Each structure stands twice: as structure tokens, then as C-alpha cells.
Amino acid sequence: MHLSSSDWRQLLDWAETARDHECCGILRGKGDRVAAVELAQNVATDPARHFEIDPATLISAGKDVRSGGIPVLGFFHSHPNGVAAPSPTDVAYAAPDHHIWLIIADRAITAWQPVIAGARVTGFTPVTLLVEG
């Protein structure tokens, strides 16, 4: 997975600004290249421990893609607890859709691909993240 150094810095800044809450958003791109990162509102009932991307943002992104916009490549969120790996909650709530996940924690960013069995995610495997520029 390829990410520009400016998007890398932007993700770290959003996570730092969110502090004790999880920030979240959408990754746009094609193939293995992130072309844009988009911050979304975290509408989870407990944003300090969970994230839920604002459904209006997801609907808007879907409409944009259908009208020729940059495809949704995946999603990102931060872990204020400092663990840059998927949590059991991430596994439980992940959609079985093959989207890439970036997790931001303790000034690090890791990339993950869901492992899908049938109609559910059973875990994640790490993806190499290359920061360019």
C-alpha cells in the first residue's frame, strides 16, 4: 500500500487532534495507491473506545464514486490506547468487503487487510505500507 508523506502527516495530525477519541475517515484511491484521505465525523456512542464513520459521509462518498469520483479504497481510524493493530471490536464490526484499513496509534500508522470467511471477517493480516515523498 502506497501513501504520500503529506497524507501520512495529515493522518497523524488528525489522530493527535482527536486525542482521547478515535478519529476516522475514508481512503480514496486505486489499486494499491491512496490518492486522498478524508476525515469524517466519528458518530459512535463512545468515541473514546469505538469509531463509526458518519453514515452521511459514506453515502456522499458512494454517490461521488458512482458519478466518476475516486474509488473508496478503505478506511482509517485511530487507537488512543496506543495499539496500532486491529482490536477484537474492529474484527467484530468489520464489513467483509476487502477494504484496506489504516490504524493510527502512538505516531505510527499500520495497514491491514480483512480475512474473510463466508460472510464475516475473522481477523486481519498486515499489509506493507510504503510512505512516499
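Two residues are in contact when heavy atoms of theirs lie within 4.5 Å. The structure treated in these exercises is a predicted model.

**Exercise 1. Find what Gly82 is in contact with, and where Gly82 lies.**

Step 1. Place the residue. Gly82 belongs to the loop that runs between S4 and helix H3 (88-93).

Step 2. Set aside the neighbours within four places in sequence. Gly82 is then in contact with Ala105 and Asp106.

Step 3. Grade the exposure. The relative accessibility of Gly82 is 33%, so Gly82 counts as partly exposed, since that class lies between the 20% limit for buried and the 50% limit for exposed.

Step 4. Take a distance. His98 is 16 residues from Gly82 in sequence, and their C-alpha atoms are 25 Å apart in space.

**Exercise 2. Describe Asp106, one of the contacts of Gly82, by its place, its exposure and its phi angle.**

Step 1. Asp106 sits in the loop between S5 and S6.

Step 2. With a relative accessible area of 66%, Asp106 is exposed, because exposed means over 50%.

Step 3. The phi angle of Asp106 is near 50°, which is positive although the residue is not a glycine.

**Exercise 3. Carry out the description again for Arg19.**

Step 1. The loop between H1 and strand S2 (24-30) holds Arg19.

Step 2. Arg19 has a relative accessible area of 65% and is therefore exposed.

Step 3. Phi of Arg19 is near 55°, again a positive value in a residue other than glycine.

**Exercise 4. List the secondary structure elements of the chain in order, and state how the chain compares with a globular protein of its length.**

Step 1. Count the elements. The chain has three helices and eight strands.

Step 2. Read them from the N terminus. The order is β-α-β-β-α-β-α-β-β-β-β.

Step 3. Compare the radius of gyration with the globule rule. The chain has a radius of 14 Å, and the rule gives 14 Å for 133 residues, so the chain is as compact as a globular protein of that length.

Step 4. Add the extent. The C-alpha trace spans about 40 × 35 × 30 Å along its principal axes.

Step 5. Look at the contacts between residues at least 6 apart in sequence. Of these, 60% join residues at least 24 apart.

**Exercise 5. Identify the residues and elements that make up the largest nonpolar core.**

Step 1. Recall a general tendency. In soluble globular proteins, nonpolar side chains tend to be buried together.

Step 2. Turn to this chain. Of its 133 residues, 38% count as buried.

Step 3. Name the central members. The largest nonpolar core has 18 residues, and those that touch the most other members are Leu11, Val37, Phe76, Leu102 and Ile104.

Step 4. Name the elements. Two or more residues each come from helix H1 (5-18), strand S3 (33-40), strand S4 (72-78), strand S5 (100-105) and strand S6 (108-117). H1 supplies four residues, the most of any element.

Step 5. Follow one member. Not counting residues up to four places away in sequence, Leu11 touches Leu3, Val37, Phe76, Leu102, Ile104 and Ile109.

**Exercise 6. Decide whether His2 and Pro126 are buried or exposed, and list what each touches.**

Step 1. Begin with His2, which is in strand S1 (residues 2-4). Its relative accessible area is 13%, so His2 is buried, the limit being under 20%.

Step 2. Apart from neighbours within four places in sequence, His2 is in contact with Asp32, Arg33, Val34, Leu130 and Glu132.

Step 3. Go on to Pro126, which lies in strand S7. At a relative accessible area of 62%, Pro126 is exposed.

Step 4. Pro126 touches Ala111 and Trp112, with residues up to four places away in sequence not counted. Ala111 is 15 residues from Pro126 along the chain, and the two C-alpha atoms are separated by 5.9 Å.

**Exercise 7. Locate Thr128 and state its distance from Gly74.**

Step 1. Thr128 is in the loop between strand S7 (120-127) and strand S8 (130-132).

Step 2. The relative accessible area of Thr128 is 57%, so Thr128 is exposed.

Step 3. Thr128 and Gly74 are 54 residues apart in sequence, and C-alpha to C-alpha they are 15 Å apart in space.

**Exercise 8. Summarise the surface and the charges of the chain.**

Step 1. The chain exposes about 7,100 Å², of which carbon and sulfur atoms supply 53%.

Step 2. The chain carries 10 positive and 15 negative charges, and the mean positions of the two sets are 5 Å apart.

Note on methods
Residues numbered from 1 in each chain as written. Predicted model: local features only at pLDDT ≥ 70, side-chain atom pairs only at ≥ 80, totals over all residues. Heavy atoms only, no water. Rg over C-alpha atoms; globule rule 2.2 N^0.38 Å. Buried < 20%, exposed > 50% of the residue type's maximum accessible area, 1.4 Å probe, protein only. Areas by Shrake-Rupley, 256 points an atom, 1.4 Å probe, with all protein chains shown as cover. Lys, Arg positive; Asp, Glu negative; His and termini not counted. Charge placed at Lys NZ, Arg CZ, Asp CG, Glu CD. Core = buried A, V, L, I, M, F, W, Y, C linked by side-chain atoms within 4.5 Å.
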